[in-house]
Structures are given as structure tokens and as C-alpha cells.
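Colleague: Hey, got a minute to walk me through this one? I'd like to get a feel for how the chain is put together.

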Amino acid sequence: MRWPGVIQDLADFCFPTACAVCSAPAETASTPLCDACLEKLRSLESAAACDRCAMPIPEPGSPCPHCLGEGVRPFGRILRLCSYSEPVRHLIHRLKFHRAWGVGEFLADRAAARPELCDLLAACDAVVPVPLHPFRQMSRGYNQAEVIARRLAQLTGKRLIHPAARVAQTDAQTDVQSKAQRVANLRRAFGLLDASSVTGRRIVVVDDVRTTAATLQAFGRCLSAAKPASLDAIVIAAADPKHADFEKI
């Protein structure tokens, strides 16, 4: 008899969990979604995306109308778990603003199960979360990108490193209303602390959401100064910056 499985089944029966999105009964405590929301998430995960910039495309292999095949410098590739739509929009909001760190681990588990993301992680030397400013991290309780990155590193046996820091307490990107303003808001936001941990190594940067890619680009330029062998990124979700409410992200 498999006692751990029996104990988990008993716990699920005695203490049923609710879906983190719609509050309907969830399958198990390890899956914070009901069947309907989980099916929506699977649909988002299966949608085609550009493997250079992570934005949606009509079908696999289609030309990308967002980056025109150029990607997002200085990254070679940016891959994502899914698009920024429900239910993942709600999950990320809970992760960022309601201390639901378990949601970050759940999403990281989903990301690590995607073949293309798994291959990118397998080929890298180290995983790097996009840092928060210390004051913002203290008020939030943790860095949501680090929760995701740490889980990905654990699942793949890769090093989690912190070669740079957020040295400027910029306005929250949710308070900035355009791509140009977001880029300006992040100038000189990051500073290298340990270039030697990056130099000559294959680095994968991890963040929760990619909208205009301003944050990723600013952090990527900071790391590029250390001359990594390669620089790629993984995000949980990619949002369309032309969407009416992208400023809320």
C-alpha cells in the first residue's frame, strides 16, 4: 500500500480545497485549480507563440508580427508558459499581491513540464530571477520572480544565482502608462554585483510577466556587460501591450 498517496487522498477528502480563481472545488491541494480553470490553463499553454519574443502567433512557425523575427535584444530567446489571460492573470495577481507563493511554484512546475522550456533550462548553466528593489521586496514579503526561478532551478538541478541587484527604487511599472515611459523608468535600475558568476556562462533569466519587455531588456543589458556565453529568458506569461488594461500588470 502506498501510504503517502492514501494520506493525501484522506486529507483531500477531509479538507477539500477551493479553486484559487473561481472558488469551485479543486481536485487536490497540489493543484490550486478546478477542472474548468485547469482546462483553460491548458488551452493557454498550447497556443502558439514566437520562440524569440514569447508573443502570440497564429500557428507554430508563423512569422511573428511583434518582433519580425528579430527577438528582444539582448536575449537570444524568450519563452513563456502561456499568454496573460484568465486564469493565469488571476493566479499571478495572487502571487504578486496576496503572498500566494505556492501559486508561483505551481506555475513553475507547469513551465518545467513544457518540452521547449525544459530543453532551454537543460542547456543553461544558471538561472537568474529578475530582482526587486529591497524596499519593494520587504513590503511584498518575497520576490515573485525568485519563487518561480528557485523552483525551476530545483526541478532541473541548475544553479540559482543573484549576480545583479535593483539599485534604483523606480516607480512600479503598473503606475507607468506607456512603453516609452516604462523604458525611461528603468534606466540605470540594475547594477552588477558579481560579474564573474555570469561571464562565459549560459544564463536564463526568469520573470513572471512580459509586457513591453522593458524590464527584461534593462536587466538583460545589465547582465550583458558581464559577457555571458548566452542570454535567454523564461516568463510565465506574455501580455499584449496593445491590450486596453496592460498597464495594470
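Colleague: Which strands does helix α7 lie across?

Modeller: Helix α7, residues 144-156, lies across β2, β3, β6 and β7. Its direction is at about 135° to β6. Keep in mind that this is a predicted model.

Colleague: OK, and what order do the strands have in that open sheet?

Modeller: The order is β1-β7-β6-β2-β3, so to speak from one edge to the other, and the pairing is parallel. The edge strands are β1 (78-83) and β3 (159-160), and each of them pairs on one side only.

Colleague: What holds paired strands together in a sheet, in general?

Modeller: Strands of a sheet pair through backbone hydrogen bonds, in either a parallel or an antiparallel way.

Colleague: Let's zoom in on β2. How many bridges does it make with β6?

Modeller: Four bridges, in the parallel sense, between β2 (residues 126-129) and β6 (residues 202-210). Within that pair, V127 stands opposite V204 of β6.

Colleague: And how many bridges go to β3?

Modeller: Two bridges join β2 to β3, and those strands run parallel as well. Here A126 sits opposite R159 in β3.

Colleague: Are the residues of β2 buried or exposed?

Modeller: Buried, on both faces: A126 and V128 are on one side, V127 and P129 on the other.

Colleague: Switching to helices. How many residues does α4 have?

Modeller: There are 12 residues in α4, running from 101 to 112. From first C-alpha to last, α4 reaches 17 Å, close to the 16 Å expected.

Colleague: Which of the α4 residues are buried?

Modeller: V103, G104, F106, L107, A108, A111 and A112.

Colleague: What covers them?

Modeller: The cover includes the helices α2 (35-46), α3 (88-97), α5 (115-122) and α7, along with strands β1 and β7.

Colleague: Stepping back, how many helices and strands are in the chain?

Modeller: Nine helices and seven strands. The chain has 249 residues, and 48% of them count as buried. Of the contacts between residues at least 6 apart in sequence, 72% join residues at least 24 apart.

Colleague: What's the mean pLDDT of the chain?

Modeller: The mean is 86, with 81% of residues reaching 70 or more. Over residues 1-15, though, pLDDT is below 50, and that stretch has five contacts beyond near neighbours in sequence. Residues 244-249 are below 50 too, but that stretch has 19 such contacts in the model.

Methods. Residues numbered from 1 in each chain as written. Predicted model: local features only at pLDDT ≥ 70, side-chain atom pairs only at ≥ 80, totals over all residues. Heavy atoms only, no water. Pairing = 2+ DSSP bridges. Contact = heavy atoms within 4.5 Å. Axes fitted to C-alpha atoms, helices over the stretch in contact; angles between N-to-C directions. pLDDT = per-residue confidence, 0-100. Buried < 20%, exposed > 50% of the residue type's maximum accessible area, 1.4 Å probe, protein only. Expected span 1.5 Å × (residues − 1).
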